[in-house]
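This briefing goes from the overall make-up of a protein chain to a sheet, a helix and a loop. Please look at the sequence and the structure before reading on.

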Amino acid sequence: MSSAVELTVRPCPECGTEVRADRRFVAWCTDCGWNVDPEEPEEPVGRLVARRRRLAREHGERLLAEVSSGASLLPRRDAAGVLAYTLALAVHTVTAVLLVAGVLLVVLGWGSALPALGLLLLVLAWVLRPRLDRLPTDTPVLLRRDAPELFALIDEVVTAVGTTPVHAVAVTADFNAAVTTYELRQRRLLILGLALWEPASPQVRLALLGHELGHYANGDTRQGIVLSNALRSLANWYYLLTGEEDPTFLERFANLAYAGPRLLVGMVLRLLDRLTLRTTQRGEYLADAFAARVGSTEAALALMDRLLIGRGAESFLRREANTPLVRKAGTGSRDDRWQGLWERLAAQLESVPDTEYERLRRVSVLRAHSVDSTHPPTHLRRVCLGVGAPLDAVVQPPALREAAITGELAAAKERIARAIVKGE
């Protein structure tokens, strides 16, 4: 799609105000709000996701009210946190019991049908076991020796946030960024999505790093190995106990047998989800505060705006992957199209007019837009950033470092761009 501006002018059919719009975007009226949200309602989601979204909105509103009244968002141990850990340990205890029982039945039950039952229990224990993440193998991973300037910038942000350094950076094509841990020693991994990183200005990149690295310092226990694996195990239990949608006569009896355990697992899953979701909401608000501290309040708000146009960035990359190359004299081959991909994406996003951002902000309020079902609604996060005096950035990277970081990411950018163009 061309990024050239093609303006249209028409009167608003509701109030008569002149509506000037870029043909590439929705024409809407800033005065009366006509056509601000012309898209179809969102498709129905599962009950768990819908419930999480509702709770995220409720918790987000309460926490925003606390911040507005001067309360602190700093993490604190409370009864909900203690109960959540207790439930999580109980879930892992069930997995351990299955493992021990399976071993005993296999070892002591020879000559009977017990070893078969023991093997079944061992399979269940394996499915429900706590998982330790590893470094990804399907995307470029940079260590400190590979990108010293990038890690130096990250270290500055780490110092400003008040946490400890990361050990590796994974580079992906996604319009996203995240932090996680890997291996038994819980080494730290920062995940940078190029679709979000590359088009951003240096200050917005700092805000992004401040937000993500702030998660290590905000006390979100849900990201820890104990609670995250308990939630994963419960979700696996629920999946295993879910009956067939179109059961046969015999499968109906199995579905009835599963009904009680599935109800119990669902109740525990919902309870653990509820006990930890408030902490997650608090963690997101705190991460936003770190983003404002590191990159400035203005940059943190600009990052929020970027999140609203994520679908546009993803659509652009899909078009780049799916657009057939028209072979003409001097146009080169399909393999050449990866060149300039990230620059084209940046130009596309840079051409988004202010009126489209304003429309998306209004839509985010109407639809309670959020990054996912565990995040507070984006418009509430914007309001929270506006509480108190605006902050200036505490990290100011030299321009020379930006150039060096671009060079350090060059190989990863090429590899991912080639994969996108080739549809890999």
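The notes below describe this predicted model, grouped by topic.

The protein has 14 helices and 6 strands. Of its 424 residues, 42% are buried. Two strands receive attention within the sheet, and three residues (Leu142, His92 and Trp28) are followed through their contacts.

**Overall make-up**

- The accessible surface of the protein is about 22300 Å², and carbon and sulfur atoms account for 58% of that surface.
- Among contacts in the protein with a separation of 6 or more, 69% are between residues 24 or more positions apart.

**The four-stranded sheet**

- An open sheet is formed by 4 strands in the order β3-β4-β6-β5, and its pairing is mixed.
- Its edge strands are β3 (141-142) and β5, each of which pairs on one side only.
- Strand β3 runs antiparallel to strand β4 (residues 168-172), and 2 bridges join them.
- Strand β5 (residues 177-182) and strand β6 (residues 187-193) are also antiparallel, with 6 bridges between them.
- Within this pair, Val179 stands opposite Leu190 of β6.
- The hairpin of β5 and β6 has 4 residues between the strands, and Glu183 in this hairpin takes a positive phi near 65°.

**Leu142 in the edge strand**

- Leu142 belongs to strand β3, and its bridge partner in β4 is Val169.
- Leu142 counts as buried because its relative accessible area is 9%, where the limit for buried is under 20%.
- Beyond its neighbours within four places in sequence, Leu142 is in contact with Ala168, Val169 and Val171, and also with Ala147, Leu150, Phe151, Glu408 and Leu409.
- Leu142 and Ala170 are 28 residues apart along the chain, and their C-alpha atoms are separated by 6.3 Å.

**Helix α2: a buried and an exposed residue**

- Which residues of helix α2 are described here? His92 has its place in this helix, and Leu108 lies in it too, the helix covering residues 79-108.
- His92 has a relative accessibility of 17%, so this residue is buried under the 20% limit.
- Leaving aside neighbours within four places in sequence, the contacts of His92 are Pro130, Val226, Asn229 and Ala230.
- Leu108 has a relative accessible area of 67%, which is over 50%, and therefore counts as exposed.
- Leu108 is one of the residues of a nonpolar surface patch of about 560 Å²; the patch also includes Leu99, Val100, Val103, Leu104 and Val107.

**Trp28 in a loop**

- Trp28 sits in the loop between β2 (18-22) and α1 (47-68).
- Is Trp28 buried or exposed? Trp28 is buried, since its relative accessible area of 6% is under 20%.
- Setting aside neighbours within four places in sequence, Trp28 is in contact with Val19, Trp34, Asn35 and Val36, as well as with Thr355, Glu358, Arg359 and Arg362.
- A polar atom of the Trp28 side chain lies 3.4 Å from the backbone oxygen of Thr355.
- The C-alpha atoms of Trp28 and Glu356 are 9.1 Å apart in space, and the two residues are 328 residues apart in sequence.

Terms used:
Residues numbered from 1 in each chain as written. Predicted model: local features only at pLDDT ≥ 70, side-chain atom pairs only at ≥ 80, totals over all residues. Heavy atoms only, no water. Patch = residues over 30% accessible without salt bridge, like charges linked within 9 Å, V, L, I, M, F, W, Y side chains within 5 Å. Areas by Shrake-Rupley, 256 points an atom, 1.4 Å probe, with all protein chains shown as cover. Salt bridge = Lys/Arg side-chain N within 4 Å of Asp/Glu carboxyl O. Buried < 20%, exposed > 50% of the residue type's maximum accessible area, 1.4 Å probe, protein only. Pairing = 2+ DSSP bridges. Contact = heavy atoms within 4.5 Å. Polar contact = N/O pair within 3.5 Å; in protein donor to acceptor, adjacent residues only side chain to side chain.
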